[in-house]
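Colleague: I'm new to this one and don't know where to start. Please pick a single part and walk me through it slowly, one piece at a time.

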Amino acid sequence: MGRHTTSFRATLLLLIVLLTVALAAPASAQAATPISIGENKSGELTAAAPTQAYALAIAAPQTATVQVLGLTPGFAPAFSVLAPSGAVVQTVMPAPGATIALATVALTQPGINQIVISSGNGQVGQFVISLQGGAPLPPAVPLVLGQLQAGAVTMQTPIMLFSFTALPT
């Protein structure tokens, strides 16, 4: 009975250690490098690390121009922008044959937004990410269930935001 209990405890301990390592690995792999508006940072994607995340903290809704330039010949970077909630705001792929991904993104939620760099063509390599600030966004117009809300987008007002609340389900 003592040998069986020792074997069970050893197996249980091994299982706990493996589970801890498995849960800790994704958390460390997703640690984002801080970046600010107006900054340029270099990075590299490898077979072992095929994505790299950057954390952009904003205090108020605004637009930002994100540019990722591939430095390694044959490498075409792509990127996705994630809101503080984790929702994908925009994904940008490079044009065929291009080594740059560029877009102006509307960051509508204050907090920590993530920019995740990946490969747009399956290759890996070095890159430079550049962030430039844009205009602040207009305040969101609240939507009320069952009521129509009119709006217009013009050259002078190219973005109009709406907000609503809902149950998690």
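Modeller: Let's start with a term: helices (H or I, at least four residues) and strands (E, at least two) are DSSP runs, numbered from the N terminus. Ser119, for instance, is found in strand S8. Two bits of housekeeping before we go on. You're looking at a predicted model, where local features need pLDDT of at least 70, side-chain atom pairs count only at pLDDT 80 or more, and totals for chains, interfaces and linings use all residues. Residues are numbered from 1 along each chain as its sequence is written, and side-chain values use heavy atoms, with hydrogens and water left out.

The chain has one helix and 11 strands. If you read along the sequence, you meet the helix and then the strands, in the pattern α-β-β-β-β-β-β-β-β-β-β-β. The part I'd pick is a sheet. For strands, pairing means that DSSP finds at least two bridges between them. As background, strands of a sheet pair through backbone hydrogen bonds, either parallel or antiparallel. Here, five strands line up as S1-S3-S8-S5-S6 in an open sheet, and the pairing is mixed. At the edges sit strand S1 (33-34) and strand S6 (88-92), each of which pairs on one side only.

Let's cross the sheet from the S1 edge. S1 and S3 run parallel, with two bridges between them. Pro34 is the residue to look for here, as Pro34 stands opposite Ala55 in S3. Ala55 also leads you onward, since on the next step across Ala55 stands opposite Gln114 in S8. That step is the pairing of S3 with S8, which is antiparallel and goes over seven bridges.

Pause on S3 for a moment. The word "buried" means under 20% relative accessible area, "exposed" means over 50%, and "partly exposed" is in between (1.4 Å probe, protein chains only). Of the 169 residues in the chain, 24% count as buried. S3 is mostly covered, with six of its seven residues buried.

S8 is where we began, with Ser119. At a relative accessible area of 24%, Ser119 is partly exposed. A good pair to find on screen is Ser119 and Phe75: they are 44 residues apart in sequence, yet 7.3 Å apart in space, C-alpha to C-alpha.

Now jump to the other edge of the sheet. Strand S5 (residues 77-82) pairs with S6 in the antiparallel sense, over four bridges. If you want one contact to click on, try Phe79, whose bridge partner in S6 is Val92.

Keep Phe79 in view, as it turns up again in the side-chain packing. A nonpolar core is a set of buried Ala, Val, Leu, Ile, Met, Phe, Trp, Tyr and Cys residues joined through side-chain atoms within 4.5 Å. The largest one here has 21 residues, and those that touch the most other members are Val66, Phe79, Ile115, Ile117, Phe127 and Ile129. Several strands feed this core: S3, strand S4 (62-70), S5, strand S7 (100-107), strand S8 (111-119) and S9 each supply at least two residues. S7 gives the largest share, four residues. Looking back at our sheet, S3, S8 and S5 belong to its order, and S3, S5 and S8 are also among the contributors to the core.

Phe127, another of those well-connected core members, brings us to the last stop, the rings. Rings of Phe, Tyr and Trp (its six-membered ring) pair if their centres lie within 6.5 Å; planes under 30 degrees apart count as stacked, over 60 as edge-to-face and the rest as tilted. The structure holds one aromatic pair. Its members are Tyr54 and Phe127, set edge-to-face at 6.3 Å centre to centre, with 85 degrees between the planes. Tyr54 lies in strand S3 (residues 52-58) and Phe127 in strand S9 (residues 126-136), so the pair ties together parts that are 73 residues apart in sequence. How covered are they? Tyr54 is buried because its relative accessible area is 1%, and Phe127 counts as buried too, at 0% relative accessibility.

If you'd like one strand to keep on screen, make it S3. On one side S3 pairs with S1 in the parallel sense, while its pairing with S8 is antiparallel. S3 also holds Tyr54, the ring that meets Phe127 of S9.
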